[in-house]
Amino acid sequence: YNEYKSYLSMIKSFRGISNCLNSFKQIHYIVQYDTEKIIPQNEVFIKSPDKAPVLQCLNYTEIQDKIKSVKEDTVINALYVINAQSKGEKKLRAFRGLAFLPTFIKKQVILSICEEDQYHDAMSSGSRTCLKTDEIDLLLSGEVDINAYDVVTTTPKTLKSLGKLGPVLKTKMPHPRKGTVAASIKVANSQAETLCEWETTESPRHPGYYDVSLPIAKGGFSILQIKDNISAVFDDIMRHKPGKVKPERFLERIDLVHEDFGVIHLDIREHQDKHRVEEVVSQVNRYYTREETRDSRKQSKINKEKLELEKENIGEALHERWALLEQEYNQGCRKEEDAS
């Protein structure tokens with residue numbers, strides 16, 4: 001009711017009309033966990049909370065029966081909904097990331113480029129084709145079609161000679177951050193199989209929100225495998241969270257989508273609690289920079305000097321007090337002697 005009154009007052013002022021119209025487009029939802037209903041605490045106007053859509057969220061044990069009905073080798077998609085204006089300021093820029101799924105969904109078609117001594121390791125670890133360093137020109141001439149491969153892996157020594165392949169490889173260019181560059185080509189291939197790239201897109205339902213849609217599991221996966229894959233992407237998305245924003249206000253919900261069961265809204269409180277614990281541990285065990293270490297040493301030195309000064313002041317005050325007591329005692333003794 002208070003928000004409704006504030007928005008009515010905004011309408012009266014000319015400056016607030018555009019902001020008010022934008023907020024009226026955003027129809028939010030109420031989250032329901034078991035018998036508990038939660039309205040997200042953010043700067044979104046709800047026209048009428050009684051008519052707002054209620055999303056009943058289920059935990060992993062409750063969705064187990066629904067997932068069993070999914071046919072094998074059919075893909076289950078996940079939708080992550082991110083609040084891009086959770087700080088109440090300007091909208092966050094679109095971002096992208098990489099996650100390594102513990103259980104891979106699709107077998108990647110790998111092209112390896114490495115030295116001659118690692119050729120057999122590459123072919124035995126899942127590469128469909130392996131090119132040696134003197135065969136790189138086959139990609140430039142088009143004899144080897146790059147579109148037939150999903151991932152390209154290589155070693156640090158060979159990576160230096162792949163600069164001229166930029167226009168050919170484009171987004172498939174190997175990079176250490178993607179895990180497609182490793183000293184051992186076996187390690188690079190194993191990381192490439194579990195690689196999952198994601199990016200944010202504008203949400204068609206809510207302005208000011210981003211969606212991340214990607215395949216997360218297949219029919220026949222156990223609940224633990226699905227949970228681990230969801231958690232891997234969740235952790236990677238939360239790395240982009242602004243520092244002052246709470247986890248529940250940044251990534252608001254996760255949905256599982258499939259033809260057989262429709263849409264399932266997940267209970268993500270377990271992931272949020274785990275992220276809070278990891279955040280605290282990382283702050284305690286984090287590595288400090290040289291500037292931070294220098295500043296902390298300066299501050300400790302200043303505190304030590306202050307403590308010594310206080311000790312000296314306390315010592316001086318005690319000496320003065322002791323001298324006064326001695327003086328009073330001596331005066332009392334003299335008076336007794338005079339009286340006697």
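## Close-up views of a predicted model

**View 1: Phe95, a buried ring.** Phenylalanine 95 is buried, since its relative accessible area is 13%. Here, buried means under 20% relative accessible area, exposed means over 50%, and partly exposed is in between (1.4 Å probe, protein chains only). Keep in mind that this is a predicted model: local features need a pLDDT of at least 70, side-chain atom pairs count only at pLDDT 80 or more, and totals for chains, interfaces and linings use all residues. Residues are numbered from 1 along each chain as its sequence is written, and side-chain values use heavy atoms, with hydrogens and water left out.

**View 2: Phe95, Trp198 and Tyr210 make one aromatic cluster.** How many aromatic pairs does the structure hold? There are two. Rings of Phe, Tyr and Trp (its six-membered ring) pair if their centres lie within 6.5 Å; planes under 30 degrees apart count as stacked, over 60 as edge-to-face and the rest as tilted. Phe95 and Trp198 have ring centres 5.9 Å apart and planes at 90°, so this pair is edge-to-face. Phe95 sits in the loop between strand 4 (75-83) and strand 5 (96-100), while Trp198 belongs to strand 9 (residues 195-199), so to speak a long-distance link: the two are 103 residues apart. Strands (E, at least two residues) and helices (H or I, at least four) are DSSP runs, numbered from the N terminus. Phe95 also pairs edge-to-face with Tyr210, at 6.3 Å centre to centre and 90° between the planes. That pair links distant parts of the chain too, with Tyr210 in strand 11 (residues 209-218), 115 residues from Phe95. Trp198 is buried, and Tyr210, at 4% relative accessibility, counts as buried as well.

**View 3: Lys132 sits over the ring of Tyr119.** The charged end of Lys132 is 5.2 Å from the centre of that ring. To count, NZ of Lys or CZ of Arg must be within 6 Å of the ring centre and within 35 degrees of the ring normal.

**View 4: Glu199 meets Arg96 in a salt bridge.** Side chains of opposite charge can pair when their charged atoms come close. The rule used here asks for a side-chain nitrogen of Lys or Arg within 4 Å of a carboxyl oxygen of Asp or Glu, and the count comes to eight salt bridges. For Glu199 and Arg96, the N to O distance is 3.1 Å. Glu199 lies in strand 9 and Arg96 in strand 5, so the pair ties together parts that are 103 residues apart in sequence. Are these two buried or exposed? Glu199 is partly exposed at 42% relative accessible area, whereas Arg96, at 57%, counts as exposed.

**View 5: Two salt bridges that involve lysines.** Lys106 pairs with Asp150, with their closest N and O atoms 3.9 Å apart. Lys106 is in the loop between strand 5 and strand 6 (110-114), and Asp150 is in the loop between helix 5 (137-141) and strand 8 (151-154), so the bridge ties together parts 44 residues apart in sequence. Lys106 is exposed, at 54%, and Asp150 is partly exposed, at 32% relative accessibility. In the other bridge, the side chains of Lys164 and Asp137 meet at 3.4 Å, N to O. Lys164 is in the loop between helix 6 (156-159) and helix 7 (166-169), Asp137 is in helix 5, and they are 27 residues apart. Lys164 is partly exposed at 48%, and so is Asp137 at 45%.

**View 6: An open sheet of eight strands.** Read across, the strand order is 2-1-3-13-12-4-11-10, and the pairing is mixed. Two strands pair if DSSP finds at least two bridges between them. Which strands are at the edges? Strand 2 (36-38) and strand 10 (201-202), each of which pairs on one side only. Strand 12 (residues 251-258) and strand 13 (residues 262-266) run antiparallel, joined by four bridges. Leu256 stands opposite Ile264 of strand 13.

**View 7: The largest nonpolar core, with 39 residues.** A nonpolar core is a set of buried Ala, Val, Leu, Ile, Met, Phe, Trp, Tyr and Cys residues joined through side-chain atoms within 4.5 Å. Among the residues with the most contacts inside this core are Tyr80, Val233 and Leu256. Helix 9 (223-238) is one of the elements that supply at least two core residues each, and its eight residues are the largest share. Apart from this core lies another, of 13 residues, including Leu131 and Tyr149.
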